Amino acid sequence: MSAAVPSSAAVVADDAPPVPRAEEVLTQQALTFIAELHRRFAPRRAELLALRKERRTEIARTGTLDFLADTAHVRAGDWQVAPAPAALNDRRVEITGPTDRKMTINALNSGAKVWLADFEDASAPTWENVVSGQVNLIDAYERRIDFSTEQGKSYALKDEAELATVVMRPRGWHLAERHLTVDGEAVPGAFVDFGLYFFHNATRLIAKGKGPYFYLPKTESHLEARLWNEIFVFSQDYVGIPQGTVRATVLIETITAAFEMEEILYELRDHAAGLNAGRWDYLFSIVKNFRDGGEKFVLPDRNAVTMTAPFMRAYTELLVRTCHKRGAHAIGGMAAFIPSRRDAEVNKVAFEKVKADKDREAGDGFDGSWVAHPDLVPIARASFDAVLGDRPNQKERLREDVHVTADQLLAIDSLDAKPTYDGLVSAVQVGTRYIEAWLRGLGAVAIFNLMEDAATAEISRSQIWQWINAGVVFENGEKATHDLVQRVAAQELAAIRAEVGDEAFAAGKWTEAHDLLLRTALDEEYVDFLTLPAYELLG
């Protein structure tokens, strides 16, 4: 296939596995656009990744973070982001999920206002997932995605007016796509995902009264937001659509970005739609950046860190305050519960927790929130309906009562909880089970009645690393050590084999998952992203 594209275009690698209908997505024109993105913007992307390392070194030296002195004028300035387009003005419930064919139909039909169509943490980046996800979105916009299972169950889209608005999430800056190269270099995954989606769908979406809308993940600074803005400006000119058609919602899921919320909105102000509070990646980022910061930065079990923890509350309230001050939407965090078809009591307790969480977000001023399953859409919607009524959002609630300091954002030790032995076991269990599924090409995985994604594995292995290096002693008297983790991991692997059976165990990726979890949790040198070594193992 590479010989069929001009030298100015991106090239599909010879070892890229065949994907049905790939030729509809990987057209010469689309590959030429991706090559333009790569040549213009990949050098700056590389510089920004280097700046991440420099900043992490500075955090290790100082043990702290603060709001930026050289952008104080931005925070003090009188400016607003562009008004929300009609299709993004009401975002009271958003559902998330990968772009496989079944999920595409179910998410669009879910009753949510928005579907986060995910090429990032909820999607393992196999070449098949990357390409077929683009095919499925095009088919959805062309209304040719209906299909039936072998069991005879049919899936079809509802009327256009009832469908969720798509906000697509490309991969983060750190990930490359080895199956697509320009001038012999692997193209950043973000350029592949954004480029294919934007090139094929921008004008389709405008014809539907919507537009190319994006969620931007793993952002660590306003300079990274500036690069996205430059990409948007170039891309809109390239395909000949009006400037400002693109809208981007930025996930504030890194501790460094939490100190630059206003600056991030400012850089994207002509294209900004809002900010989102991403819980697991945020905790992962705290561990990553302050992993050698001593006892005060040691996180307890991940499930003990709720959104009501003082430092998490400071982060979410600052997000609402910042968004509404600048006319942007504030979108709350994930309700990850997966309803059980067999246990009504489990559902009852979980639904009550989801309701309480969404009631709190709506009461705090958020304009919408995330769920991971269609059955949670009515629960979240009821919470926001009760506060919003017929209003599309509550951006008029400026939350001028909120005044958050740097110390409050970093007050990890304000949480009255400690790491436990059960928390270590849970981290090993969930990390192993998620990584195994990811290596088989699944990015959104139901584990113990929760929908988990790559952020789950990141916080799991990071907490194990942190607890060992901080010398944590659990309540049972055992100290977090390499030997203890290896013993727990071996016990979990044996339990999984007994649970699934020898045949299924041999057919899976369990040993590889076990080894990768231990490698990234126990190595002396901390790996910035688990998905980087995991990608090398991905088919």
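Which residues of S10 are buried on one side, and which on the other? In this predicted model, Arg 247, Thr 249 and Leu 251 are buried on one side of the strand, while Ala 248, Val 250 and Ile 252 are buried on the other, and both faces are therefore covered.

## Strand S10 and its partners

Strand S10 takes in residues 247–252, and with 6 of its 6 residues buried it counts as mostly covered. The strand has partners that can be named one by one. Strand S9, which holds residues 213–216, runs parallel to S10 and is joined to it by 4 bridges, and in this pairing Leu 216 has Val 250 as its bridge partner.

Strand S11, made of residues 272–277, also pairs with S10 in the parallel sense, here over 5 bridges. Val 250 appears again in this pairing, since it stands opposite Leu 275 in S11. Between strands and helix there is a further arrangement to notice, as S9, H7 and S10 make a right-handed β-α-β unit.

## Glu 224 in helix H7

Helix H7 covers residues 222–239, and Glu 224 is one of its residues. Is Glu 224 buried or exposed? Its relative accessible area is 2%, and because buried means under 20%, Glu 224 is buried.

If the neighbours within four places in sequence are set aside, Glu 224 is in contact with Leu 48, Arg 52, Trp 173, Lys 218 and Thr 219. Gln 151, by comparison, is 73 residues from Glu 224 in sequence, and the C-alpha atoms of these two residues are 47 Å apart in space.

## Helix H5

Helix H5 runs through residues 127–141, and its 15 residues should span 21 Å at 1.5 Å a residue, which agrees with the 22 Å found between its end C-alpha atoms. Of these 15 residues 12 are buried, so the helix is largely enclosed by the rest of the structure. Among the buried residues of H5 are Trp 127, Val 130, Gln 134, Asn 136, Asp 139 and Tyr 141. Just after the helix comes Arg 143, which takes a positive phi of about 55 degrees.

## Helix H11 and the loop after it

Helix H11, residues 310–325, can be read in a similar way: its 16 residues reach 22 Å from the first C-alpha to the last, close to the 22 Å expected at 1.5 Å a residue. Since 13 of the 16 residues are buried, H11 is largely enclosed by the rest of the structure. Gly 327 follows this helix and has a positive phi, near 80 degrees.

Arg 326 has its place in the loop between H11 and strand S12, which holds residues 329–335. Arg 326 is buried, with a relative accessible area of 2%, and its side chain reaches the backbone oxygen of Trp 79 at 3.2 Å. Leaving aside neighbours within four places in sequence, the residues in contact with Arg 326 include Val 74, Arg 75, Asp 78, Trp 79, Glu 262 and Leu 265.

## A sheet of three strands

An open sheet of 3 strands is arranged in the order S1-S7-S8, and its pairing is antiparallel. The edges of this sheet are formed by strand S1 (11–12) and strand S8 (185–188), and because each has a single partner strand, one side of each is left without a neighbour in the sheet. Strand S7, with residues 176–182, pairs with S1 in the antiparallel sense over 2 bridges, and in S7 it is Leu 180 that serves as the bridge partner of Val 12.

How values were computed: Residues numbered from 1 in each chain as written. Predicted model: local features only at pLDDT ≥ 70, side-chain atom pairs only at ≥ 80, totals over all residues. Heavy atoms only, no water. Buried < 20%, exposed > 50% of the residue type's maximum accessible area, 1.4 Å probe, protein only. Contact = heavy atoms within 4.5 Å. Expected span 1.5 Å × (residues − 1). Pairing = 2+ DSSP bridges. Right-handed = clockwise from strand over helix to strand, strands pointing away. Polar contact = N/O pair within 3.5 Å; in protein donor to acceptor, adjacent residues only side chain to side chain.
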